[in-house]
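This briefing walks through a predicted model, topic by topic, with the sequence and the structure shown below. Please keep both in view while reading the points that follow.

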Amino acid sequence: QVQLVESGGGSVQAGGSLRLSCAVSGYISSNNWLGWFRQVPGKEREGVASIYRGSGSTFYADSVQGRFTISQDNAKNTLYLQMNSLKPEDSAMYYCAFTSSFWGGLEAARYDYWGQGTQVTVSS
């Protein structure tokens, strides 16, 4: 079974930065996707960024493009989300996820395994 544990969330002021980490355990294929999603109470999950493990190709939501960077450290089996120029609207519970399918992108429904989430709060 694949397990994911997020960390690195916290409270920052607008314009600040945070780096989220996701420790991944279990068997992960190079043909799979890892992604970051966020959710605000009362709203659906939103795809933030994803990465294809094999090639390192990435996808970003328009709302975070240019500010967030997703990356992976294969040796440590860790997924990262570097968040810069944070805005209050970035406040959410952030989840990392893994899909055993060969397509994930930013589609939450495609992802099979989820972490418990880490809270990010950005104040103005």
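In strand E11, Thr118 is the bridge partner of Tyr94, and this pair belongs to the antiparallel pairing of E9 (residues 92-99) with E11, which is made through three bridges. E11 also pairs with strand E2 (residues 10-13), here in the parallel sense and over four bridges.

**Strand E11 and its partners**

- Strand E11 spans residues 118-123, and its two faces differ in that Thr118, Val120 and Val122 make up a covered face, whereas Gln119, Thr121 and Ser123 make up an uncovered one.
- This arrangement can be read against a general rule, namely that in a regular strand the side chains alternate between the two faces of the sheet.
- On the E2 side, Gly10 stands opposite Val120 of E11, and Val120 is one of the residues on the covered face of that strand.
- Tyr94, whose bridge partner in E11 is Thr118, is also named among the residues with the most contacts inside the largest nonpolar core.

**The four-stranded open sheet**

- Four strands, in the order E1-E3-E8-E7, form an open sheet in which the pairing is antiparallel.
- The edges of this sheet are strand E1 (3-7) and strand E7, each of which pairs on one side only, and from one strand to the next the twist averages 15°.
- E1 and E3 run antiparallel and are joined by five bridges, and within this pairing Leu4 has Val24 in E3 as its bridge partner.
- As a general point, strands of a sheet pair through backbone hydrogen bonds, either parallel or antiparallel.

**The disulfide**

- The model contains one disulfide, which joins Cys22 to Cys96 with a sulfur-to-sulfur distance of 2.0 Å.
- The link of Cys22 and Cys96 is right-handed, with 60° about the S-S bond.
- Cys22 sits in strand E3 (residues 18-25) and Cys96 in strand E9, so that the pair links distant parts of the chain, 74 residues apart.
- Are these two cysteines, Cys22 and Cys96, buried or exposed? Both Cys22 and Cys96 are buried.

**The salt-bridge network**

- The count of salt bridges comes to three, and one of them pairs Glu46 with Arg38, the closest N and O atoms being 2.9 Å apart.
- The two partners differ in accessibility, since Glu46 is partly exposed at a relative accessible area of 32%, while Arg38 is buried at 6%.
- Asp90 also forms a salt bridge with Arg38, again with the closest N and O atoms 2.9 Å apart.
- Because Asp90 lies in the loop between strand E8 (78-83) and E9, and Arg38 in strand E4 (residues 33-39), the pair ties together parts that are 52 residues apart in sequence.
- Asp90 is itself buried, with a relative accessible area of 1%, and it has a salt bridge to Arg67 in which the closest N and O atoms are 2.7 Å apart.
- Arg67 is found in the loop between strand E6 (58-60) and strand E7 (68-73), and Asp90 in the loop between E8 and E9, so that this pair links distant parts of the chain, 23 residues apart.
- Arg67 is buried, as is Asp90, and through shared partners the salt bridges join Arg38, Glu46, Arg67 and Asp90 into one network.

**The nonpolar cores**

- The largest nonpolar core has 27 residues, and those with the most contacts inside it are Trp36, Leu81, Met83 and Tyr94.
- The elements that give two or more residues to this core are E3, E4, E5, E7, E8, E9 and E11.
- Another core, of six residues, lies apart from the largest one and includes Trp33, Phe37, Tyr52 and Tyr111.

**Val40 and its surroundings**

- Val40 is found in the loop between E4 and strand E5 (46-52), and at 35% relative accessibility Val40 counts as partly exposed.
- Leaving aside residues up to four places away in sequence, Val40 touches Ser91 and Ala92.
- Val40 and Cys96 are 56 residues apart in sequence, and their C-alpha atoms are 15 Å apart in space.

Notes: Residues numbered from 1 in each chain as written. Predicted model: local features only at pLDDT ≥ 70, side-chain atom pairs only at ≥ 80, totals over all residues. Heavy atoms only, no water. Buried < 20%, exposed > 50% of the residue type's maximum accessible area, 1.4 Å probe, protein only. Pairing = 2+ DSSP bridges. Salt bridge = Lys/Arg side-chain N within 4 Å of Asp/Glu carboxyl O. Disulfide = S-S within 2.5 Å. Contact = heavy atoms within 4.5 Å. Core = buried A, V, L, I, M, F, W, Y, C linked by side-chain atoms within 4.5 Å. Axes fitted to C-alpha atoms, helices over the stretch in contact; angles between N-to-C directions.
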